[in-house]
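This report describes a single protein chain, moving from individual residues to the chain as a whole. Please consult the sequence and the structure shown below while reading.

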Amino acid sequence: MIFVSFLSSFSKPLTMALSNSSWRLLQPSFFLMGIPGLEESQHWIAMPLSVLYLFAVMGNVTIIFIIWTDPSLHQPMYLFLAMLSGIDLVLASSTAPKTLAVLLVHAHEIGYTVCLTQMFFIHAFSSMESGVLVAMALDRYVAICHPLHHSTILHPGIIGRIGMAVLVRGLLLLLPFPILLQRLIFCQATVIGHAYCEHMAVVKLACSETTVNRAYGLAVALLVVGLDVMAIGISYAFILQTVLKVPGGEARLKAFSTCGSHICVILIFYVPGIFSFLTHRFGHHVPHHVHVLLATLYLLVPPALNPLVYGVKTQQIRQRVLRVFSLKGWI
């Protein structure tokens with residue numbers, strides 16, 4: 001009897017330890033709540049999100065096709081725009097299908113590996129988009145401040161290297177996210193109060209020490225956004241200085257108009273992104289469903305609006321789009 005009691009007392013902590021170990025080994029699925037607090041309205045919320053995703057796919061595929069097939073558009077500004085459209089396609093497609101599945105058909109479950117993969121793609125390609133916006137600011141700086149040397153400074157070889165640097169930076173900086181998450185122990189509920197696998201939302205579920213994950217996430221966000229916004233600001237400071245020296249109001253307006261599309265895209269990308277980041281980290285009084293909506297829109301609105309901004313404000317793109325659709329007999 002004493003022996004049985006001893007085995008019982010020994011087996012209980014052993015079972016708990018094994019269950020914790022098996023949690024890490026088996027890596028069970030997570031449960032995506034969607035938009036907490038708005039469960040009754042999720043079908044209606046999914047409709048505008050579906051429209052945004054449709055616009056993102058159609059618009060960015062159209063931009064890439066037009067630039068790819070028209071040799072006259074193989075210039076730095078349009079090549080960077082093609083990169084931006086490609087990144088937007090991946091970003092929107094990494095988020096929207098699963099989010100819409102959660103909201104429309106209640107497909108809440110997502111596998112551990114799939115969740116980490118989605119999280120990596122979302123954050124890595126957001127970093128890449130920020131890098132391409134810096135490259136586009138550099139292109140505007142060279143085009144306005146050094147117009148005679150624009151084609152020699154930003155030749156195809158340099159553009160390819162810039163694109164590769166943006167890609168490698170995004171991959172290297174964000175690869176530690178899923179690696180660091182794999183060392184965490186998830187011994188509590190696996191319910192993510194989000195519509196997709198967001199880094200901090202997953203980190204908060206862990207019952208082990210998460211200081212390294214939180215510190216690295218904050219460092220990457222500050223490094224990417226801080227340095228990129230600083231680089232864009234410096235580029236436009238030089239552009240403003242050069243434009244103000246140009247005689248004649250019409251010439252200045254024309255110089256500024258070449259930057260209009262890029263400035264709109266910068267505002268569309270950074271303003272909601274920074275607001276979402278700040279509310280997630282420090283906005284404890286902001287309702288959770290507001291944060292989730294903002295975070296979801298942040299990943300879908302820029303990919304949907306960027307092609308429209310460049311299509312409306314860039315004459316060359318607008319003319320090619322109208323020509324393609326007129327040839328197909330759609331207009």
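In this predicted model, Asp228 touches Ser130, Gly131, Val134, Arg169, Leu223 and Tyr270, leaving aside residues up to four places away in sequence. One of these neighbours, Ser130, is also joined to Asp228 by a side-chain polar contact of 2.5 Å. Asp228 belongs to helix α9, which covers residues 211-244. Asp228 counts as buried because its relative accessibility is 5%, and the cut-off for that class is under 20%.

A second charged side chain can be described in similar terms. Arg320 is located in helix α12, residues 315-327. The side chain of Arg320 makes a polar contact of 2.6 Å with the side chain of Asp70. When residues up to four places away in sequence are set aside, Arg320 touches Ile66, Asp70, Ser72 and Leu73. With a relative accessible area of 16%, Arg320 is buried.

Val203 is found in helix α8 and counts as buried, at 0% relative accessibility. Its contacts, not counting residues up to four places away in sequence, are Leu181, Thr210, Asn213 and Arg214. The C-alpha atoms of Val203 and Leu181 are 7.2 Å apart in space, while the two residues are 22 apart in sequence.

His106 draws attention through its backbone. The residue has a positive phi of about 60° although it is not a glycine. His106 sits in the loop between α3 (76-105) and β2 (109-110), and at 45% relative accessibility it counts as partly exposed.

The accessibility values of these and two further residues are collected here.

| Residue | Relative accessible area | Class |
|---|---|---|
| Val203 | 0% | buried |
| Asp228 | 5% | buried |
| Arg320 | 16% | buried |
| Cys145 | 18% | buried |
| Cys264 | 28% | partly exposed |
| His106 | 45% | partly exposed |

The cysteines lead to the disulfide. How many disulfides does a search of the whole structure find? The search finds one. Cys115 and Cys197 form this disulfide, with their sulfur atoms 2.0 Å apart. Cys115 lies in helix α4 and Cys197 in the loop between β3 (191-192) and α8 (199-203), so the disulfide ties together parts that are 82 residues apart in sequence. The torsion about the S-S bond is about -120°, and the disulfide is therefore left-handed. Both Cys115 and Cys197 are buried.

The nonpolar interior can be considered next. The largest nonpolar core has 71 residues, and Phe30, Phe186 and Ile192 have the most contacts inside it. Helix α4, residues 112-145, supplies the largest share of this core, 18 residues. A second, separate core comprises 14 residues, among them Leu49, Tyr53, Leu103 and Val292.

Phe30 has a long list of neighbours outside the four places on either side of it in sequence, including Phe186 and Ile192. Other residues that Phe30 touches are His108, Glu109, Ile110, Tyr112, Thr190, Val202 and Leu205. Cys115 is also one of the residues in contact with Phe30, and Cys115 is one partner in the disulfide.

The record provides a further view of the chain. In an unreviewed entry, UniProt lists residues 41-66, 78-96, 116-138, 158-181, 215-239, 259-278 and 290-310 under "transmembrane region". For two of these spans, the geometry of the model has been computed. Residues 78-96 are 100% helix and 0% strand, and their end C-alpha atoms lie 26 Å apart. Residues 116-138 are likewise 100% helix and 0% strand, with their end C-alpha atoms 33 Å apart.

Finally, some totals describe the chain. There are twelve helices and three strands. Of the 331 residues, 44% are buried. The chain exposes about 17200 Å², and carbon and sulfur atoms supply 73% of that area. Among contacts between residues at least 6 apart in sequence, 79% join residues at least 24 apart.

How values were computed:
Residues are numbered from 1 along each chain as its sequence is written. This is a predicted model: local features need pLDDT of at least 70, side-chain atom pairs count only at pLDDT 80 or more; totals for chains, interfaces and linings use all residues. Side-chain values use heavy atoms; hydrogens and water are left out. Helices (H or I, at least four residues) and strands (E, at least two) are DSSP runs, numbered from the N terminus. Buried means under 20% relative accessible area, exposed over 50%, partly exposed in between (1.4 Å probe, protein chains only). A polar contact is a pair of N or O atoms within 3.5 Å; within protein, one must be able to donate a hydrogen and the other to accept it, and residues adjacent in sequence count only if both atoms are side-chain atoms. Contact means heavy atoms within 4.5 Å. A nonpolar core is a set of buried Ala, Val, Leu, Ile, Met, Phe, Trp, Tyr and Cys residues joined through side-chain atoms within 4.5 Å. A disulfide is a pair of cysteine sulfur atoms within 2.5 Å. UniProt positions are given in the numbering used here, feature names are shortened, and annotations may be inferred rather than shown by experiment. Accessible areas come from the Shrake-Rupley method with a 1.4 Å probe; for residues, only the protein chains shown count as cover.
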